[in-house]
Amino acid sequence: MAALAAVGPPNPRADPECCSILHGLVAAVETLCKITEYQHEARTLLMENAERVGNRGRIICITNAKSDSHVRMLEDCVQETIHEHNKLAANSDHLMQIQKCELVLIHTYAVGEDSLVSDRPKKELSPVLTSEVHSVRAGRHLATKLNILVQQHFDLASTTITNIPMKEEQHANTSANYDVELLHHKDAHVDFLKSGDTHIGGSSREGSFKETITLKWCTPRTNNIELHYCTGAYRISPVDVNSRPSSCLTNFLLNGRSVLLEQPRKSGSKVISHMLSSHGGEIFLHVLSSSRSILEDPPSISEGCGGRVTDYRITDFGEFMRENRLTPFLDPRYKIDGSLEIPLERAKDQLEKHTRYWPMIISQTTIFNMQAVVPLASVIVKESLTEEDVLNCQKTIYNLVDMERKNDPLPISTVGTRGKGPKRDEQYRIMWNELETLVRAHINNSEKHQRVLECLMACRSKPPEEEERKKRGRKREDKEDKSEKAVKDYEQEKSWQDSERLKGILERGKEELAEAEIIKDSPDSPEPPNKKPLVEMDETPPVEKSKGPVSLLSLWSNRINTANSRKHQEFAGRLNSVNNRAELYQHLKEENGMETTENGKASRQ
Amino acid sequence: MPTVVVMDVSLSMTRPVSIEGSEEYQRKHLAAHGLTMLFEHMATNYKLEFTALVVFSSLWELMVPFTRDYNTLQEALSNMDDYDKTCLESALVGVCNIVQQEWGGAIPCQVVLVTDGCLGIGRGSLRHSLATHSQRSESNRFPLPFPFPSKLYIMCMANLEELQSTDSLDCLERLIDLNNGEGQIFTIDGPLCLKNVQSMFGKLIDLAYTPFHAVLKCGHLTADVQVFPRPEPFVVDEEIDPIPKVINTDLEIVGFIDIADISSPPVLSRHLVLPIALNKEGDEVGTGITDDNEDENSANQIAGKIPNFCVLLHGSLKVEGMVAIVQLGPEWHGMLYSQADSKKKSNLMMSLFEPGPEPLPWLGKMAQLGPISDAKENPYGEDDNKSPFPLQPRNKRSYAQNVTVWIKPSGLQNPNAEIFLPLIDRCTEDFKKCKEIT
């Protein structure tokens, strides 16, 4: 627009030859022949397939022609110029042959005069050139014409938003309804086109033949942020950018409000089909799905896997999500080795680090329920630690040691234990174990992480032998809580990795026992049904074997197994098994035998 | 993807099939047998699929409207009568109407046409329809291609030799071509018998009705999931050699974004993400749908009590009002979010963005999104009151610039009073108006 304004009117005193439209047409063809940056890139990229890069164009010429023969003269001129330039371009790297060119001649004449040029629809002049002629009166008629052409040339369609309430300029307490016409890609109407819903289309202002689809404004009531099911979003532009209704609408949208648009229907039902919304100063027309969803009535997540578990760390994970939000990094960054760093890969990396030890439910963790651990837990997941971070971690650990000395209570889940739950020193042992797991998961991050672990190890309470002796003593005292002890003793005998893994398994087992108890509502019932999934059962036997002497764990699980086996009929395969192996599909042998005889019969027939 | 089963019940379907043994079978029995197998498969492995049953001869009838109740479909199969001649075109028109009425024109559907390869005679026969195809006007246009995204599977109760002896196969191939090549013809391998019909329907099931299993990952937190409906391969139009893109079976979460920031993005399709419990053989134990079967029930109960990452993720996404951005393949992303239906049942849902480096202009290039901890200061602000989104486009749009006010020449006589003051007034008034509407 600015460039057009800079051109200025032709100089009336100059040679009339100079301001002939022919120069313009020749210049247009020349420009079309020049290779664009994009074409150049594509050509170099495709190498031997370079001929696949196309070069098509359209010349729109707004002029005042003298007669139909003048128009023909202009067409011939373009035709010839293309021919000449294509010859030139064939031997050039900077030029490209024009494969297809559309010439749109718009003959405009003063209002009040008669047109000397007749309209002509698109016609093929040569394989390369097609031409059409539009004859139109100057002024707003020309503008309307250009508007229509723009829609054809850029696959646009028009939507008129109707019933937009606006306060009157003169009478501020009354409001009138305005309409605003928008242009956008025609795909935004794809639903209407497919369903043949043409009745909602009316004709646009000024009697143009181009159709517009009318949608009704729905005044937004709440500022609720919702996620709509949107199947497409297309940029829009008001047809009349500077009109007051248009600028009112665009300002409203640019301020961050979204507007739902409704299809006017003869029947009473209200169908929201589109939404106008701005994103960073650009307004988009969102196409919302208004048809029945194929996903209706899905099973609720609470009915599925993990749906019965009630103590998920929802808030903690919310916090985790916030910490792992994304943000754009527009400037390229480089790694130490000089390669380009992809921010998205960094994001994945961070997620990996942050989830190395992340228990999903509250009863699986102690440390994440403790405010005192937060300073350590929040920094240990980092890629690298500062001196201050290390100091904070150490402080946290000292603080915990202090708590243990003072025998402060810990927020250990008492679910799954009868009576008061584990003794205080046992609680601390569990807590220290868990903390160690967390820190160990990150020791390879940096040398400073290592230092945190060293500090932790140094501070962990008494030497294990002493602890063990203490526990052995206590074991004789209370015989009731066998399952608990199984856990304890077992852990002391194994290295920490194994013990962690098995503790998890056992604890889960315990929870299930406990849950079963809760359901039954009688804690003293003899033996709750074991709900351990088979997968977990399978994991235990190899451990038993490796241990040699029978441990309390295996005693305990054997007891559970025998208790269980009384409750169900043994699987036939297992009963008939040899060395725990049963042959499958035994019946097939017999059947196969039969089949062969059948086939034999068939062949004889 | 809803399914329409279109069953041929013309007289030719009653032609007997010679099978050694006592019972006499007709082609329609074979067809019913195959469909039973399909329905049984769907009832166990593809429960959420909506299926309708249409029968046709010279007329067509919707026997069972779209349903997930496979018993009803099964019953309808056994209650089919025999009618006159085959008239495929009208049946296809019927399918168009049924699907458009129910789902509109945007939802992809699968049409399973079961026929014997006898395409009718005279007016209304497929041969006649195809011969007159080029002379159609808009009002009686041939129903193919379907006015909705579709796959047309033709199950022939005949073997290849039989179809090739007439021009049936060519006509059926024309049908697939007319549907823009979307679909496939299945024929019976070898003699017509129950076993071979089963293997033919088995192929259809493998092609179109195997559940899509994936692993949802967020760092070390993982869950086995079924994605329903199956994500279909996507063809990017602009590519020179388009290769259909298929989504990874590892759905890797790369980060999180607030719902307000992602703001109703356009998506290709939506899918339920259902946690499943896989046992060692790789069979699923429960997809979260209650079942009459007792064994499965107890298995479901066990699975229900094992903590699952999907449930945790869903809960937190719902509470925080956020979505998780998930990587589906190279330069292909989607989002996970909590979706509640009208009955307040809520679920984990996944939407697929259009493949490409920059599916949403207001987020910028996906590869350029990184963790906030890498930024110098938290782009969301200390009190969570800011957001780095939406990205501002480089050029301001004409409508986002100051309003140009046109003044008549007469207004130019006394510049100070007559131009500028009304202009200022007008601007402030416009502003007020905007506020008033809001």
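**Exercises on a predicted two-chain model**

Ser263(B) sits in the loop that runs between helix H8 (259–262) and strand S12 (269–275) of chain B; the model in which these exercises are set is a predicted one.

**Exercise 1.** Determine whether Ser263(B) and Glu331(B) count as buried, partly exposed or exposed.

*Solution.* Begin with the backbone of Ser263(B), where phi is near 35°, a positive value in a residue other than glycine. The relative accessibility of Ser263(B) is 17%, and because buried means under 20%, this serine counts as buried. Turn next to Glu331(B), which is found in the loop between strand S13 (322–329) and strand S14 (332–340) of chain B, and whose phi, near 55°, is likewise positive in a residue other than glycine. With a relative accessible area of 45%, Glu331(B) is partly exposed.

**Exercise 2.** Locate the cis peptide bond that joins Phe228(B) and Pro229(B).

*Solution.* The omega angle of this bond is about -10°, and Pro229(B) has its place in the loop between strand S10 (221–228) and strand S11 (250–258) of chain B.

**Exercise 3.** Describe how chain A and chain B meet, going from the buried area to individual pairs.

*Solution.* First, the two chains bury about 10,000 Å² between them, with 63% of it on carbon and sulfur atoms. Of the area that chain A buries against chain B, Leu227(A), Ile294(A) and Arg325(A) supply 9%, more than any other three residues. Next, five salt bridges are found across the interface, and Arg322(A) forms one with Glu320(B), the closest N and O atoms being 2.6 Å apart. Finally, strand S13 (residues 326–328) of chain A pairs in the antiparallel sense with strand S16 (residues 369–371) of chain B over three bridges, and Pro328(A) stands opposite Leu369(B).

Note on methods
Residues are numbered from 1 along each chain as its sequence is written. Chains are lettered from A and ligands numbered from 1 in the order in which they are written. This is a predicted model: local features need pLDDT of at least 70, side-chain atom pairs count only at pLDDT 80 or more; totals for chains, interfaces and linings use all residues. Side-chain values use heavy atoms; hydrogens and water are left out. Buried area is the accessible area (1.4 Å probe) that two parts lose on being put together, summed over both. A salt bridge is a side-chain nitrogen of Lys or Arg within 4 Å of a carboxyl oxygen of Asp or Glu. Two strands pair if DSSP finds at least two bridges between them. Helices (H or I, at least four residues) and strands (E, at least two) are DSSP runs, numbered from the N terminus. Buried means under 20% relative accessible area, exposed over 50%, partly exposed in between (1.4 Å probe, protein chains only).
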